[in-house]
Every structure is written in structure tokens, then in C-alpha cells.
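Visitor: Could you take me in for a close look at one part of this model? I'd like to start with a single helix contact and then see how the helices and the empty space around them fit into the picture.

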Amino acid sequence: MATLEDGDMHTFGPELPAMFDGVKLAAVAAALYIIVRCLNLKSPTAPPEIIYQDTALSRYLLKTCPLLTKEYIPPLLWGKSGHLQTALYGKMGRVNTPTPCGVRKFLPMPDGATASFDLFEALGDHSTGDDITMVICPGLGNHSEKNYIRTFVDHSQRQGYRCAVLNHLGALPNMELTSPRMFTYGCTWEFAAMVSYIKRAFPETLLVVVGFSLGGNIVCKFLGENQSNQDRVLCCVSVCQGYSAHRVQETFLQWDQCRRLYNFVLADNMKRLILSHRNSFLSMSSSNIGDADLSKLCAATSLMQIDDSIMRKFHGYSSLKDYYERDSCVHYIHNLTVPLLLVNSSDDPLVHQSLLAIPRTLAEKRPNVVFALTQHGGHLGFFEGAVLFPQPLTWMDKVIVEYTDAICHWEKTRPACRRSRT
């Protein structure tokens with residue numbers, strides 16, 4: 001057997017430490033490359049891309065809403081990653097979350113369901129002197145107790161807005177269902193009931209309509225379903241919605257941007273929420289949900305499977321296609337005549353780039369629509385900060401209030417032309 005002589009070992013000795021140093025350096029370089037790519041550190045910050053028609057209103061908005069025209073600067077070390085922005089929103093909601101004080105209202109629905117919303121009074125006068133109420137629809141399975149909602153409500157209250165926040169049917173913990181159905185992707189019944197209550201309780205109030213994610217679909221669909229739904233509405237803001245349920249669910253089956261993984265996580269959360277009402281579904285005689293449906297639910301690994309086995313049956317849709325077509329705001333949003341701000345982020349891992357053609361085309365064709373597309377922000381993240389730690393208020397919170405303030409002052413100076421947009 002061949003062996004190494006002492007002289008041979010002496011020959012390799014000086015090279016071995018240098019070789020190991022080279023391996024370490026290569027490993028560090030590879031790790032840094034992965035970090036830079038994953039965190040998107042080389043991506044430059046930029047102002048939002050704004051798509052609009054050149055009208056007196058749009059020129060006024062761009063002049064009075066600096067957040068729409070200046071750079072959005074996320075936290076340096078992680079804020080340029082849409083995944084981390086989305087994950088932080090999903091896990092924490094917001095940082096240093098306030099606890100606004102409100103009153104919970106319960107509204108009986110014609111089918112026996114009980115809708116609920118939380119009402120938060122303004123903490124001061126609005127700058128216009130008017131009585132203005134924000135009617136807010138949260139995201140998928142969310143309610144007024146979520147941190148991002150509490151942060152936004154507190155900020156809005158301090159700017160003189162009364163806030164009414166819908167609690168999606170079946171989403172509140174420890175609140176039993178009184179009919180065998182929950183919220184769905186586009187059912188506007190509960191939101192309509194809340195808006196009707198606000199109009200009756202505060203006959204002088206004007207409304208600002210705000211929807212987050214799934215809530216954006218609901219509010220745009222509500223306003224477009226009937227022209228009378230836009231009465232006393234100053235404007236509408238939708239943030240991070242997908243516009244077309246069918247196309248959203250198709251993209252959720254793709255693996256790019258880890259969208260299939262997000263789909264699995266969202267489906268798992270929905271399964272737990274639905275199964276928490278299992279006894280209600282099985283005990284009510286009018287229920288369309290049986291043991292076989294719940295068995296299919298337990299085996300589901302995507303939102304589309306849950307929609308087919310459970311969600312579409314709440315309203316008796318004969319097929320998944322029918323459910324998605326009739327519940328998507330894309331078929332109603334062109335009916336809106338009030339000022340409409342649509343906000344999305346290019347790095348939102350839940351909203352595929354192809355879906356952004358819908359708001360882009362709408363803003364190019366409709367004089368009342370402004371579409372703001374940020375480069376960073378993730379899904380309902382939009383955190384701001386210097387290096388590592390985010391600020392309590394996000395760009396999203398501030399831009400919504402800035403836009404609505406501008407619209408309120410625009411309307412205040414044009415009382416004779418109210419509802420007339422040029």
C-alpha cells in the first residue's frame with residue numbers, strides 16, 4: 001500500500017490552511033449572495049407608479065398627496081422582500097399596536113344570521129369640520145381586533161374620522177353563528193347592513209369606504225351593485241385585492257413566489273375557522289353543509305377546494321365557476337363613479353402580476369380612478385423604517401388618510417358640484 005512520506009506531508013502543509021480559507025471565503029460569499037437575492041437588497045427604492053387620467057381631480061390629488069409621489073422607503077435590511085413584509089404582517093400585524101375603544105353592534109339579518117361591527121368615535125374634529133365615517137371591511141377571516149385594523153382605526157380616529165369596522169361573519173372568536181353560513185369572497189350583505197345602520201344612526205355623516213385584501217373586493221362590489229349604494233359616499237380605497245376570484249385561485253396553484261405554499265397556509269387557517277363552527281352547520285335544519293362536505297374540507301389543501309366543498313354552498317351556487325364569477329368585483333367596479341384609489345404592491349406574493357392589468361386598465365379608462373403601484377410592500381405590509389425596526393404606522397395607513405383628507409377638502413370646496421367629477 002502506498003503511503004505519504006514526511007516530505008510529502010511537508011509539501012502539502014502550507015497549502016491546506018490557504019485552501020480552507022478559500023472554502024470559508026466562498027461559503028461566506030455564497031451566503032451573502034443568497035441573502036442579497038432573498039432580501040432583494042439591491043432593489044432601489046422608488047415612488048409608487050401612478051396610473052390616472054389627466055383631470056382636475058387627479059391633478060389636485062397629486063399636488064395634495066405627497067405620499068403618492070415621493071419614495072416609499074421600507075426598512076433597509078428586510079423591507080424590500082415582499083415575503084418578509086407579508087410574513088411580518090401575517091404574524092404580528094403591526095408593532096406597538098394601540099387599543100382603540102369602541103362599541104360592538106349586532107345586526108339581525110333576514111336569513112337569521114347575526115352581523116356585527118365595531119364602532120369607534122372620532123377623537124377630534126375633522127379638518128373640514130364635517131361629520132365623516134370610515135366604513136371598513138377587513139381581509140380574509142379578519143375582524144376589528146386584528147392589529148393592522150386597530151392601528152389604522154387609531155390613526156383615523158386621531159384625524160377626525162368615526163370608524164365602523166365589519167367583523168366578517170364567523171370570524172370573531174367566541175361568537176356563535178345563528179344561521180348556517182359564514183362570510184364569503186364577495187357577499188356584501190353584512191357590509192350593506194353596517195352601512196345602512198351608519199346612515200340611519202348618523203343622518204348627516206358622509207362616508208369613506210375602505211377595504212383591505214378580500215375586503216377590497218367586497219366594498220368595490222357593494223358600491224358597484226347599485227348606484228344608490230354610492231349615496232353620501234365621498235370616496236373608496238381598496239388595498240391589495242386581487243379583483244378576480246377565478247384568476248386569483250388559478251395563480252394560487254402555481255409555485256412561483258411560493259404562491260402554492262401561501263395557498264396551503266391560508267387554506268389551513270380557513271379549515272380551522274370553518275371547523276370551529278362544525279356543530280352549527282350540522283345542527284341547523286336549513287344548512288347546506290353536511291358530514292360529507294366537512295370530510296372533503298378536512299382533506300382540502302387549497303382555497304379552491306374549500307370554496308368548492310363549502311363556501312359556494314352557503315349561497316347555493318351550482319358551480320365553483322358561478323361562485324367566482326358572481327362574487328368578483330371585476331364585474332361591478334366599472335359602475336363606480338365616486339373617486340376610487342386602488343393600491344397594490346409589485347412584490348405582493350399573493351397577487352400575481354397578471355392581475356394588476358385590471359386596475360391599470362380601469363385607471364387608464366375611468367376619470368375617477370387612481371391606481372398606485374408600489375415597488376415594495378408585500379401583502380398589506382408597507383412597513384416603513386430606517387434599517388431594521390419598522391415604525392408603528394405604515395405607508396398604507398398614512399396614504400389612505402392622506403387621500404381621504406384630500407377628497408374631503410375637494411368636496412368641501414365644490415358643494416354645488418358634489419358627485420360631479422371632471
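Which residues in α3 meet which residues in α15?

Guide: Happy to. Keep in mind that this is a predicted model. On the α3 side you have A56, L57, Y60, L61 and T64, and they meet E402, Y403, A406, I407, H409 and W410 in α15. Sorted by class, this contact of α3 with α15 comes to eight nonpolar, two polar and one charged residues.

Now for the geometry behind it. Helix α3 runs over residues 56–64 and helix α15 over residues 395–412, and their axes come within 10 Å and cross at roughly 130°. That angle makes α3 oblique to α15. As for the hand, the crossing of α3 and α15 is right-handed.

It helps to put two other helix pairs beside this one. Take helix α6 (residues 189–201) and α7: they pack at about 65°, with their axes 10 Å apart. α6 and α7 are therefore roughly perpendicular to each other. Here too the hand is easy to state: α6 passes α7 in a right-handed crossing. F191, A192 and V195 of α6 make the contact with I218, V219 and F222 of α7. By class, the residues of the contact of α6 with α7 are six nonpolar, no polar and no charged.

The other pair is α9 with helix α11 (residues 291–299), where the axes come within 9 Å and cross at roughly 150°. That makes α9 roughly antiparallel to α11. The crossing of α9 and α11 is left-handed. In α9 you'll find K271, I274 and L275, which meet L294, L297 and C298 in α11. The contact of α9 with α11 splits into five nonpolar, no polar and one charged residues.

Both α7 and α9 turn up again once you look at the empty space. They are among the helices that each supply at least two residues of the lining of the largest pocket; the others are α4 (82–92), α5 (147–158), α8 (245–251), α12 (303–309) and α13 (320–327). The largest pocket holds about 1,200 Å³ of space. Its lining has 47 residues, with Y89, L140, L266, N269 and L350 nearest the centre of the pocket. If you're thinking about the chemistry in there, the lining of the largest pocket has 27 nonpolar, 17 polar and three charged residues.

What about closed space? Searching the whole structure turns up two cavities of 30 Å³ or more. The largest cavity has a volume of about 90 Å³. Of the 14 residues lining the largest cavity, T114, L169, G170, M175 and L177 lie nearest its centre. Strand β3 (residues 114–120) gives the most to that lining, with three residues. By class, the lining of the largest cavity has six nonpolar, seven polar and one charged residues.

The second largest cavity has a volume of about 50 Å³. L166, N167, H168, L169, F183, T184, C187, E190 and I218 line the second largest cavity. Two names there should ring a bell: L169 is one of the residues nearest the centre of the largest cavity, and I218 belongs to the α7 side of the contact with α6. By class, the lining of the second largest cavity comes to five nonpolar, three polar and one charged residues.

So, back to where you began: for the α3 and α15 contact, keep the angle of roughly 130° and the right-handed crossing in view as you turn the model.

Key: Residues numbered from 1 in each chain as written. Predicted model: local features only at pLDDT ≥ 70, side-chain atom pairs only at ≥ 80, totals over all residues. Heavy atoms only, no water. Axes fitted to C-alpha atoms, helices over the stretch in contact; angles between N-to-C directions. Helix = DSSP H or I, 4+ residues; strand = E, 2+ residues; numbered from the N terminus. Parallel < 35°, antiparallel > 145°, perpendicular 65-115°, else oblique. Left-handed = near helix turned anticlockwise from the far one by under 90°. Contact = heavy atoms within 4.5 Å. Nonpolar A, V, L, I, M, F, W, Y, C, P; charged D, E, K, R; others polar. 1 Å grid on protein atoms, 1.4 Å probe; cavity = no way out; pocket = protein on both sides within 12 Å on 5 of 7 lines; lining within 4 Å. Points joined across faces, edges and corners; volume = space filled by probe spheres on them.
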